[in-house]
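Welcome to a short set of exercises on reading a protein model. Try each task yourself before you look at the solution.

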Amino acid sequence: MARRKPPTRHGLVIVDKPSGMTSHDVVSVLRKQLGERRIGHAGTLDPDATGVLLVGVGYVTRLLTFLSGLDKTYTAQIVLGSSTSTLDSSGTVTATHDMSSISVEDVQRVVKENFVGEISQVPPMVSALKVDGVRLHELARQGIEVERAARELTIHGFKVFGMSEPGVIDVEVHCSSGTYIRSLADDVGRALGGSAHLRNLRRISVGGFSQSECSNLEDPVVHPPITAVRTMSRVVADEQMQAMIKHGRELEKFDSPAPWVLVDDENAVLAVYELGPSGRAKPSVVMANAVA
C-alpha cells in the first residue's frame, strides 16, 4: 500500500460556517480547496448553525486538542410556546403552550435564577455525542432514545436582550465547552411553565477567536500555526533546547504560566509543553520535525 503523502501546508483556518452544512462538510470542502487531506476541526457546530469554526490544516491538527475545550459565545433566538423533536426550528412540533403573557422580564428572571453559573444539563438525543460508539443523533433518527448522564457546565453569561417579534427572545450565551444551546432553550421554556425551541444559532467566538477574524469557505485564509496557540506563553528555544525537544525530553519549567508553546527564532511552532508531575516542563505535542 502506498504511503500517504505528508502534508505540505500547515496552519489554522478561522472559518464562518454556513448554515446547512455539517462541520465535517466544511472539512471536506477545505480539503479540496487547500489540496490537503490532513484537516480537522475543533468543536462541532450544528448543521443549521453558523459562525466560528476552528479548522486545523496539516500538522496543526495536532494542536486542536488545545482549542476544543475553549469557552464559546453564541447568539440565538428562543421561540416561546412550542417544543420540537430536535429542540430547534428544524424539527417537528411536539407540544404547544399559550405563552403570550410571558414578558422579557419573566425570561430574564428565570434565566438569572436557573441558568447562570454552574448548571447540570442532559445532552439532547440529537447531539453528536457518542454512546457505546454510536452518535446520539443516529439513534434518534431510528426512533431510539437512551439514557444520558447529566453533565456539569458553566454559563458565564446569559444575556436576554428583548423580543424581536412576539414570543421570540433574542439572547447571547457565553458558556463552557460542551454546552448545548438548544437544550438551554428547551429548559428555559419548561422553567417558564410552557415550552420553547431554538432558532438562528450563531457562534460568535471560540475562546479568543472571534467572528471578525473569520474567512469565507469559498476563500479560506490559512493563518500561521502559531495562531492556534497564540494565547499560550511563548518561549523561544535555543539550539540546545531544540535538540531536547526533538527527542521529547523534559525541560526546566519556565517563569511564565503553563502551558508553553516553544518556537524557533522564526516563530515556527516546535512543541507545546505543560507542567509535569515532576515539576518540570513535559512535552504534550512535539512538532519539531513537522513544521518548517
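**Exercise 1.** In this predicted model, which side chain meets that of Glu252 in a salt bridge, and what is the N to O distance?

*Solution.* Begin with the general idea: side chains of opposite charge can pair when their charged atoms come close. Here the partner of Glu252 is Arg280, at 2.5 Å from N to O. Now place the two residues: Glu252 sits in the loop between α5 and β16, and Arg280 in the loop between β17 and β18, so the salt bridge ties together parts that are 28 residues apart in sequence. Finally, check the surroundings. Glu252 counts as exposed because its relative accessibility is 55%, and the cut-off for exposed is over 50%. Arg280 has a relative accessible area of 26%, so it is partly exposed.

**Exercise 2.** Find the distance, N to O, at which the side chains of Glu250 and Arg280 meet, and say where the two residues lie.

*Solution.* Glu250 and Arg280 form a salt bridge at 3.4 Å, N to O. This pair links distant parts of the chain, with Glu250 in the loop between α5 and β16, Arg280 in the loop between β17 and β18, and their positions 30 residues apart. Glu250 is partly exposed, at 28% relative accessibility.

**Exercise 3.** Where do Asp106 and Arg109 lie, and how many residues apart are they?

*Solution.* Both belong to helix α2 (residues 104-114), and they are 3 residues apart, about one turn of the helix. Their side chains form a salt bridge with an N to O distance of 4.0 Å. Asp106 is partly exposed at 23%, and so is Arg109 at 41%.

**Exercise 4.** Leu87 has a positive phi although it is not a glycine. Is Leu87 buried or exposed?

*Solution.* First, locate Leu87: it lies in the loop between β5 (82-84) and β6 (93-96). Its phi is about 70°. Next, compare its relative accessible area of 15% with the cut-off for buried, which is under 20%. Leu87 is therefore buried.

Now try the same steps on Asn267, which also has a positive phi of about 70° without being a glycine. Asn267 is in the loop between β16 and β17 (269-275), and its 31% relative accessibility makes it partly exposed.

**Exercise 5.** Which two residues are joined by a cis peptide bond?

*Solution.* The bond joins Ala258 and Pro259, with omega at about 0°. Pro259 is in the loop between α5 (239-246) and β16 (260-263).

How values were computed:
Residues numbered from 1 in each chain as written. Predicted model: local features only at pLDDT ≥ 70, side-chain atom pairs only at ≥ 80, totals over all residues. Heavy atoms only, no water. Helix = DSSP H or I, 4+ residues; strand = E, 2+ residues; numbered from the N terminus. Buried < 20%, exposed > 50% of the residue type's maximum accessible area, 1.4 Å probe, protein only.
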